[in-house]
Amino acid sequence: VHAALNFLAAHYAEGPALAEVAAHVHLSPFRIAHLVKDCTGKTLLQHLKRIRIEQARVRLEQSDDPCAAIAYDVGYADQSYFIKHFRELTGHTPAKYRKLLCDWLSS
């Protein structure tokens, strides 16, 4: 499970398919999906989403890159899907998150 999650963390921008993760750890897709869910309580897709949003959060904090570019760089082809996931995990849109951070830092 650790190796699968490390692989996912290293390749999050490419959005590796379950079969790729499974091949990396020499297990069937069904088996690795089951093990990850049993050990962590989350699916591989949930882990992928969390990793991508965490990387996007860091980029929003440390750069002035446009949100669309950050979305693409962390593996989202659709900016609206990125915004939806970002809001689900942080409670804010990416632009609002950056604005709140800037307001907090300037106060």
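Helices (H or I, at least four residues) and strands (E, at least two) are DSSP runs, numbered from the N terminus. With that in hand, here are the legends.

**View 1. The whole chain has seven helices and zero strands.** Welcome to a predicted model, in which local features need pLDDT of at least 70, side-chain atom pairs count only at pLDDT 80 or more, and totals for chains, interfaces and linings use all residues. Residues are numbered from 1 along each chain as its sequence is written, and side-chain values use heavy atoms, with hydrogens and water left out. Following the sequence, you will meet the pattern α-α-α-α-α-α-α. The C-alpha trace spans about 50 × 25 × 20 Å along its principal axes.

**View 2. The surface and interior of the chain can be put into numbers, with about 6600 Å² exposed.** Carbon and sulfur atoms supply 58% of that exposed area; accessible areas come from the Shrake-Rupley method with a 1.4 Å probe, and for residues only the protein chains shown count as cover. Of the 107 residues in the chain, 28% are buried. Here, buried means under 20% relative accessible area, exposed means over 50%, and partly exposed lies in between (1.4 Å probe, protein chains only). Among contacts (heavy atoms within 4.5 Å) with a separation of 6 or more, 50% come from residues 24 or more positions apart. The chain has 13 positive and 11 negative charges, and their mean positions are 7 Å apart. Lys and Arg count as positive and Asp and Glu as negative, while His and the chain ends are not counted. Each charge is placed at NZ of Lys, CZ of Arg, CG of Asp or CD of Glu.

**View 3. Helix 4 (residues 44-62) crosses helix 6 (residues 79-90) at roughly 90°.** The two axes come within 10 Å; axes are lines fitted to C-alpha atoms, for helices over the stretch in contact, and angles run from 0 to 180 degrees between N-to-C directions. Helix 4 and helix 6 are therefore roughly perpendicular to each other, a term for angles of 65 to 115 degrees. From helix 4, look for Lys 49, Arg 50, Ile 53, Ala 56, Arg 57 and Leu 60. They meet Phe 82, His 85, Phe 86, Glu 88, Leu 89 and Thr 90 in helix 6.

**View 4. Arg 57 and Leu 89 show the meeting of helices 4 and 6 at the level of single residues.** Arg 57 lies in helix 4 and touches Phe 86 and Tyr 97, not counting residues up to four places away in sequence. Between Arg 57 and Phe 86, which are 29 residues apart along the chain, the C-alpha separation is 8.5 Å. Leu 89 belongs to helix 6 and, with the same neighbours set aside, touches Lys 49, Arg 50 and Ile 53. Leu 89 is partly exposed, at a relative accessible area of 45%. The C-alpha atoms of Leu 89 and Ser 28 are 29 Å from each other, with their positions 61 residues apart along the chain.

**View 5. Leu 60 is a buried residue of helix 4.** Its relative accessible area is 2%. Leaving aside neighbours within four places in sequence, Leu 60 contacts Cys 67, Ile 70, Phe 86, Pro 94, Tyr 97 and Arg 98. Ala 19 is 41 residues away from Leu 60 along the chain, and their C-alpha atoms are separated by 31 Å.

**View 6. His 26 sits in the loop between helix 2 (18-24) and helix 3 (29-40).** Although His 26 is not a glycine, this residue has a positive phi of about 60°. His 26 is exposed, with 70% relative accessible area. Now find His 34, which lies in helix 3 and counts as partly exposed at 34% relative accessibility. The C-alpha atoms of His 34 and Ala 19 are separated by 13 Å, and the two residues are 15 apart along the chain.

Note on methods: Parallel < 35°, antiparallel > 145°, perpendicular 65-115°, else oblique.
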